[in-house]
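Have a look at the chain below with its strands, its empty spaces and its nonpolar packing in mind.

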Amino acid sequence: MNSNTPASRAWQHRASELGDRLPTGFQIGTATSAFQIEGGARDGGRGESSWDAFTRAPGRILDGQNASIGADHVTNLTEDVTLLTELGADIYRFSFAWPRLQPDGRGSLNRSGLAFYDRLLDQLLGSGISPMATLYHWDTPLALRGGWLNRDTAMRFGDYAHQMGEVFGDRIERWVTIADPATVMFNGYAIGVHAPGETLLLGALPAGHHQLLAHGLAVQGLRAADVSGRIGLSNAHSPVQSATDREADRDAAALYDLLHNRLFADPVLLGRYPDPAGVFENELRFLHEIEPDDLRTIHQPLDFYGVDYFQPTRVAAGGARPVSVPGERPAEERPMVNRLPFHVEAFREHPVTGFGWPNAPEYLPVLLAELHERYQKALPPVYLTAGGASYPDRTDAHGAVTDLARIDYLAEHLVAAVDAVAPGGPAEGVDLRGYLVWSLLDGFEWAAGYTQRFGLVYVDFTDPSRPRTPKLSYRWLQRVLNSR
């Protein structure tokens, strides 16, 4: 793109303005997950994960691809850290691949896996980039039979966390125990569109509880290892709106809010599950059966709370209608979705991203205000640990990727976040510490395969060497960070 074009001048000017607006000490970085970018599926004794098995099942992945190579971050580690350094990122959030470190999900840590992350941390710290390490981002070791339906998986995770704290506890500034347990429970165990492909509907609640128990055990394990860094977790949150004022739609929206938001925040921050009383009390009776000792384990003091925000959700009663959603299979090919007591409706008043998700930055302040209202002093400092958008990026004749829509998305969400917590803002009481862009690189987008691109950096998946091309959004964010 010619740097003298009007569009170019516009984004450069906005980048400088935004850099000036960012509060002192507000940190910006990027985020990735191991399974999506690392590749090296057979390198160094790495074990299989539930996702490796899931991708082999016919029809599970939209383009029939797998993540055995992905963006090949294992091979391109130094180049990727250089990209982070040249971007000017304050923080890099990555995830440890549990199967790379414990191929069987138990026992001693794999030396080859440790060596890879040792190199990553050395290069990050040598470049002045603060590591935020996620212990688990969906890649459950396949050897742990039953996955998160098995309570023992939580015990194994606590042991793994303790060992990781002993090895890396003096070099990681922030630990995220578990990423987005709501998504794992719902997509992986309720409707089966993610690994391991279970279709239990609301019978998936134990998979959510065991993840939360694993979180609490991991916090205990990290503290027992005397790690020097701060500890939190990352929950996917979405402000929920009823499609109409009908009682059935309001009840459905309340149920969705409970399952997606409160089920994973209330036990962590308040030490209790939300009250399931109401029209869906019988479906949620599992919450009445939780042992008090489990809740005490889950309710560990936290140093920060991570929020992944991508979109608001509009909910109506009844099963999903057979509509086509970009990046997903039609509802008629996802029969379990039709059996849920609610469905998601479109925000037709907002533009959408490549995934068909509403681009609605005005709902980010709504979410932050809801968190403050619900949790008050129980809410620790907050990081927006993932936010971004997929678009159908392509290289032009000159090899450039001009992703102006992503620049608009990020600029508007950053402004919305900063203004929300400023004096007089709707979420003034929230101590917001930073925003992490999802994602540094294009990667394997779970059931959507390689059909969706979130990266600031374009990866050519048709080339075995996986060459990288910084997109215009990368250059824009680089200018924002240089303007602070």
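What follows is a short tour of one strand, the cavities and the cores.

This is a predicted model, where local features need pLDDT of at least 70, side-chain atom pairs count only at pLDDT 80 or more, and totals for chains, interfaces and linings use all residues. Residues are numbered from 1 along each chain as its sequence is written, and side-chain values use heavy atoms, with hydrogens and water left out.

Let's start with strand β5, residues 230-236 (strands are DSSP E runs of at least two residues and helices H or I runs of at least four, numbered from the N terminus). Of the 7 residues in β5, 6 are buried, meaning under 20% relative accessible area with a 1.4 Å probe and protein chains only. β5 runs parallel to strand β4 (residues 174-179), joined by 4 bridges; strands count as paired if DSSP finds at least two bridges between them. One of the partners here is I231 in β5, which bridges to W175. β5 also pairs with strand β7 (residues 305-308), again in the parallel sense, over 3 bridges, and N235 stands opposite V307 in β7.

Now for the empty space. The whole structure holds 3 cavities of 30 Å³ or more. A cavity here is a set of points on a 1 Å grid over the protein atoms alone where a 1.4 Å probe fits but cannot get out, and lining residues have an atom within 4 Å of a point. Points are joined across faces, edges and corners, and the volume is the space filled by probe spheres set on them.

| Cavity | Volume | Lining residues by class |
|---|---|---|
| Largest | about 60 Å³ | 5 nonpolar, 1 polar, 5 charged |
| Second largest | about 40 Å³ | 6 nonpolar, 4 polar, 1 charged |

In that table, Ala, Val, Leu, Ile, Met, Phe, Trp, Tyr, Cys and Pro are nonpolar, Asp, Glu, Lys and Arg charged, and the others, Gly among them, polar. The lining of the largest cavity includes E38, R46, D52, R100 and D139. Around the second largest you'll find H73, Y92, F94 and Y117, among others. Strand β2 gives the most to that second lining, with 3 residues.

Which residues touch the most other members of the largest nonpolar core? They are F96, Y117, L135, W148, F157, W175 and W476, out of 143 residues. Helix α10 (residues 247-270) supplies the largest share of this core, 11 residues. A second, separate core has 13 residues, including F310 and W438. A core is a set of buried Ala, Val, Leu, Ile, Met, Phe, Trp, Tyr and Cys residues joined through side-chain atoms within 4.5 Å.

Key
Buried means under 20% relative accessible area, exposed over 50%, partly exposed in between (1.4 Å probe, protein chains only). On a 1 Å grid over the protein atoms alone, a cavity is a set of points where a 1.4 Å probe fits but cannot get out, and a pocket is an open set with protein on both sides within 12 Å along at least five of seven lines; lining residues have an atom within 4 Å of a point.
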